[in-house]
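Here are my notes on the model you sent over. I went through the overall build, then the strands, then a few individual residues.

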Amino acid sequence: RWKLQVPRRSMGLSRDKRHKRRATGGRRAIHIKKRKYEMARPPSMTKIGAKRVKVVRVRGGNYKYRAMRLEFGNFSWGSEAIAKKTKILDVSYNASNNELVRTKTLVKNTIVQVDAVPFREWYKQHYGVVLGKKKNEAEAKDEKSVSEATKKKQAARRKFMGVVESQIEDQFRQGRLYACISSRPGQSGRADGYILEGEELQFYIKKMSAKKKK
């Protein structure tokens, strides 16, 4: 005998406005049902951890890459015009919700701390200068000997070298740089961004210090 299968109904997330009241406060009469094109999906709430990305088939046969866990990203250093793949260490600030900081959730515009080593190594190789070195720290002898031609190149580059901000220098000393995520981890499956500098860095440091005082 055939068994009657009752379809399981679940309250899906929707992006419609029909259930909202009018600007005057009056209720709208709902005259049409939910539509497929109004469908929404639950947020990915990407956390820091070993990479785990889900592929989601979306409207038009396209695909979205839903990152569940991420620990590395490409971060650009604007003033030096380079980008390096580096590890995301911690979530420091989120303008929209403090709960996202507590749960270490990665979303667009999150302020994170990233590993400074790849940028320090590039700076040393490019200019021959070690960033974040303490004043009393003795110079360690390099394992690889640098050729005279390389030293000349580095000396020529140092003539046009920009000044690294004192706050960024301090961050290099600690081994952690403040960065902002500019990609959308729940859509692209990546956590890429840029190193904070200048007025933007000052703004966020002020915000974070004010939050600590509370």
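**Notes on the model**

1. I'll start with a strand pair: V112 has A179 as its bridge partner in β8. Keep in mind that this is a predicted model. The pair belongs to a ladder of 5 bridges between β7 and β8 (residues 176–181), and the two strands run antiparallel.

2. β7 has a partner in β5 as well: 4 bridges join β5 to β7, again antiparallel. Within that ladder, Y93 is matched with I111 of β7. How many residues of strand β7 are buried? The count is 4 of its 5 residues (111–115), so this strand is mostly covered by the under 20% relative accessible area criterion.

3. Now the open sheet. Its 4 strands come in the order β2-β3-β1-β6, and the pairing is mixed. The edge positions go to β2 (52–57) and β6 (105–106); each has a single partner strand, so one side of each lacks a neighbour in the sheet. As background, strands in a sheet pair through backbone hydrogen bonds, in parallel or antiparallel fashion.

4. At one edge, β2 is joined to β3 (residues 63–70) by 6 bridges, running antiparallel. R52 sits opposite R69 of β3, which puts two arginines across from each other in this ladder. The two strands make a hairpin with 5 residues between them, and G60 in the turn has a positive phi of about 85 degrees.

5. At the other edge, β1 and β6 are antiparallel and joined by 2 bridges. One pairing to look at here is K47 with T105, the latter in β6.

6. Two residues deserve a look for their backbone angles. Most residues other than glycine have a negative phi. M45 is not a glycine, yet its phi is positive, near 50 degrees. M45 is placed in the segment before β1 (46–48), and with a relative accessible area of 37% it is partly exposed.

7. The second one is A81, another non-glycine with a positive phi, about 55 degrees in this case. A81 is in the loop between β4 (72–77) and β5 (82–93). Is A81 buried or exposed? Its relative accessible area is 67%, over the 50% cut-off, so A81 counts as exposed.

8. D16 is one I'd point out too. It lies in the segment before β1, and it is a buried aspartate, with a relative accessible area of 12%. The C-alpha atoms of D16 and K34 are separated by 7.8 Å, the two residues being 18 apart along the chain.

9. Stepping back to the whole chain, the protein has 6 helices and 9 strands. Why call it spread out? The radius of gyration is 25 Å, well over the 17 Å that the globule rule gives for 214 residues, so the protein is more spread out than a compact globule. Along the principal axes, the C-alpha atoms fill a box of roughly 85 × 50 × 30 Å.

10. Some totals to finish. Buried residues make up 30% of the 214. The accessible surface is about 16000 Å², and carbon and sulfur atoms contribute 51% of that. Among contacts between residues at least 6 apart in sequence, 59% join residues at least 24 apart. On charge, there are 55 positive and 20 negative side chains, with the centres of the two sets 16 Å apart.

Terms used. Residues are numbered from 1 along each chain as its sequence is written. This is a predicted model: local features need pLDDT of at least 70, side-chain atom pairs count only at pLDDT 80 or more; totals for chains, interfaces and linings use all residues. Side-chain values use heavy atoms; hydrogens and water are left out. The radius of gyration is taken over C-alpha atoms; the globule rule is 2.2 Å times the number of residues to the power 0.38. Buried means under 20% relative accessible area, exposed over 50%, partly exposed in between (1.4 Å probe, protein chains only). Contact means heavy atoms within 4.5 Å. Accessible areas come from the Shrake-Rupley method with a 1.4 Å probe; for residues, only the protein chains shown count as cover. Lys and Arg count as positive and Asp and Glu as negative; His and the chain ends are not counted. The place of a charge is taken as NZ of Lys, CZ of Arg, CG of Asp or CD of Glu. Two strands pair if DSSP finds at least two bridges between them.
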